[in-house]
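Subject: Structure for your review

Dear colleague,

Please find below the structure that I am handing over to you. I would be grateful if you would look through it alongside the notes in this message.

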Amino acid sequence: MNETILVLGASGQIGNELTQKLRTIYGNNNVIASDIREGNEDMMTSGPFEIIDATDKETILKMVKKYDVTQVYLLAAMLSATAEKFPQKAWDLNMTSLLGVLDLAKEKHIKQVYWPSSIAVFGPTTPKENTPQKTIMEPSTVYGISKLSGEFWCNYYHEKFGVDVRSIRYPGIISWKTKPGGGTTDYAVDIYFKALEEGNYECFLSEKTRLPMMFMDDAVNATIQLMQAKPEDVKVRTAYNLAAIDFTPEEIALEIKKHLPEFKISYKPDFRQEIADSWPSVIDDSEARKDWNWQHKFNLESMTKEILSNLNN
């Protein structure tokens, strides 16, 4: 596979694990990690790393030329909960970085772009159950507004300039390797750490809040699978719905109790509850499954077992 990949935002939750997986597939030296701060030891020692501000188009172009980059994975973004505190900053980061990279692809400096979207593109008026690929989208958060705008910019650059850009609407992503980074679904990561460290967890969402979720391994595999799909199989150029599992804080707590019977959970909903209430609870991802054969591997039970056994080591 003759690709050289630049990952912008490689130190983030998804970037960290995606970069390592890409290095195992394409070779360590063919995957250039970058972020505005240094990554963890694995990231820094396993292959090239560059400090890059994702909004700095000129520096990105320099790196593209330096390494003969063919693909850019643009993962730098300000997530939902953090973005509500810094709306202008979030909009600037999320939009400027995307338009800069799309321009580089339009100018034929790079062949392929990956940019993540999110279930945050949906809003309170979106159907909550089996949310279809095409539906009402009226996001109520800065993050959601930027992701919805980004989806249509991606589609525009594909239609007008033939840019090969691909995207997934991620549900909540759960990982044991990287601590949460300011998202509304982060309780489902934090709960495992707190269960082991403290034996209890105070959840910022109510016990019945059902949200679509996915184990990190599935999210990483889906991303690479989409990028490796034949262009003619990628029918959606805004962003694909993607789903795996859905659960409530109450359900995840019960699953943890099977392994840690003493674990206790309490609930103190904060401003993130309103964000969660505006999102779907179950996503219909049949188009991803049909177009590029997406299939998830982890359910709540197998994910919980995997996370707790790794955190216990």
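The notes below go through helix packing, buried helix faces and several single residues.

Please bear in mind throughout that this is a predicted model.

Helix packing

Two packed helices are described by the angle between their axes and the distance between the axes. Three pairs are set out here in those terms.

The first pair to be described joins helix α1 (residues 13-26) to helix α8 (residues 216-228), with axes that come within 10 Å and cross at roughly 55°. An angle of this kind falls outside the ranges for parallel, antiparallel and perpendicular pairs, the last of which runs from 65 to 115 degrees, and α1 and α8 are therefore oblique to each other. Their crossing is right-handed. On the α1 side, the contact draws on Gln-13, Ile-14, Glu-17, Leu-18, Lys-21, Leu-22, Ile-25 and Tyr-26, while α8 supplies Met-216, Asp-217, Val-220, Asn-221, Thr-223, Ile-224 and Gln-228. Sorted by class, these residues comprise 8 nonpolar, 4 polar and 3 charged. The spacing along α1 may be read with a general point in mind: an α-helix has 3.6 residues a turn, so residues three or four places apart point the same way.

The next pair is α7 (187-197) and helix α12 (residues 300-312), whose axes come within 11 Å and cross at roughly 50°. These two helices are likewise classed as oblique to each other, and α7 passes α12 in a right-handed sense. From α7 the contact involves Tyr-192, Phe-193 and Leu-196; from α12 it involves Leu-300, Met-303, Thr-304, Ile-307, Leu-308, Leu-311 and Asn-312. The contact of α7 with α12 holds 8 nonpolar and 2 polar residues, and no charged ones.

The remaining pair consists of helix α3 (residues 57-67) and helix α5 (residues 87-106), with axes that come within 10 Å and cross at roughly 45°. The relation of α3 to α5 is again oblique, and the crossing is right-handed. Here Lys-57, Ile-60 and Leu-61 of α3 meet Gly-100, Val-101, Asp-103 and Leu-104 of α5. This contact divides into 4 nonpolar, 1 polar and 2 charged residues.

Buried residues of α3 and α6

Within α3, the buried residues are Thr-59, Ile-60, Leu-61, Met-63 and Val-64. Their cover includes α5, together with the strands β1 (5-8) and β3 (49-51). Ile-60 and Leu-61 are thus named twice, as buried residues of α3 and as part of its contact with α5.

Helix α6 (residues 142-161) has 20 residues and spans 28 Å from its first C-alpha to its last, close to the 28 Å expected at 1.5 Å a residue. Its buried residues are Val-142, Tyr-143, Gly-144, Ser-146, Lys-147, Leu-148, Gly-150, Glu-151, Cys-154 and Tyr-157. Among the elements that cover them are the helices α4 (80-85) and α5, and the strands β6 (117-118), β7 (164-166) and β8 (168-170). After α6 comes Gly-162, with a positive phi near 70°.

Single residues

Which residues does Met-95 touch, leaving aside its neighbours within four places in sequence? Met-95 is in contact with Ser-146, Ser-149, Gly-150 and Trp-153. Met-95 belongs to helix α5 and has a relative accessibility of 5%, which makes it buried. Its C-alpha lies 18 Å from that of Glu-138, and the two residues are 43 apart in sequence.

Gly-182 sits in the loop between β9 (172-174) and α7. With 22% relative accessibility, Gly-182 counts as partly exposed. Not counting residues up to four places away in sequence, Gly-182 touches Leu-79, Ser-80, Ala-81 and Thr-82. Gly-182 and Glu-129 are 53 residues apart in sequence, and their C-alpha atoms are 25 Å apart in space.

Two loop residues other than glycine have a positive phi. Asp-68 follows directly after α3, in the loop that leads to β4 (71-74), and its phi is near 55°. Asp-68 is exposed, at 58% relative accessibility. Lys-108, in the loop between α5 and β5 (112-114), has a positive phi of about 70°. Its relative accessibility of 64% makes Lys-108 exposed as well.

Yours sincerely

Key. Residues numbered from 1 in each chain as written. Predicted model: local features only at pLDDT ≥ 70, side-chain atom pairs only at ≥ 80, totals over all residues. Heavy atoms only, no water. Axes fitted to C-alpha atoms, helices over the stretch in contact; angles between N-to-C directions. Helix = DSSP H or I, 4+ residues; strand = E, 2+ residues; numbered from the N terminus. Parallel < 35°, antiparallel > 145°, perpendicular 65-115°, else oblique. Left-handed = near helix turned anticlockwise from the far one by under 90°. Contact = heavy atoms within 4.5 Å. Nonpolar A, V, L, I, M, F, W, Y, C, P; charged D, E, K, R; others polar. Buried < 20%, exposed > 50% of the residue type's maximum accessible area, 1.4 Å probe, protein only. Expected span 1.5 Å × (residues − 1).
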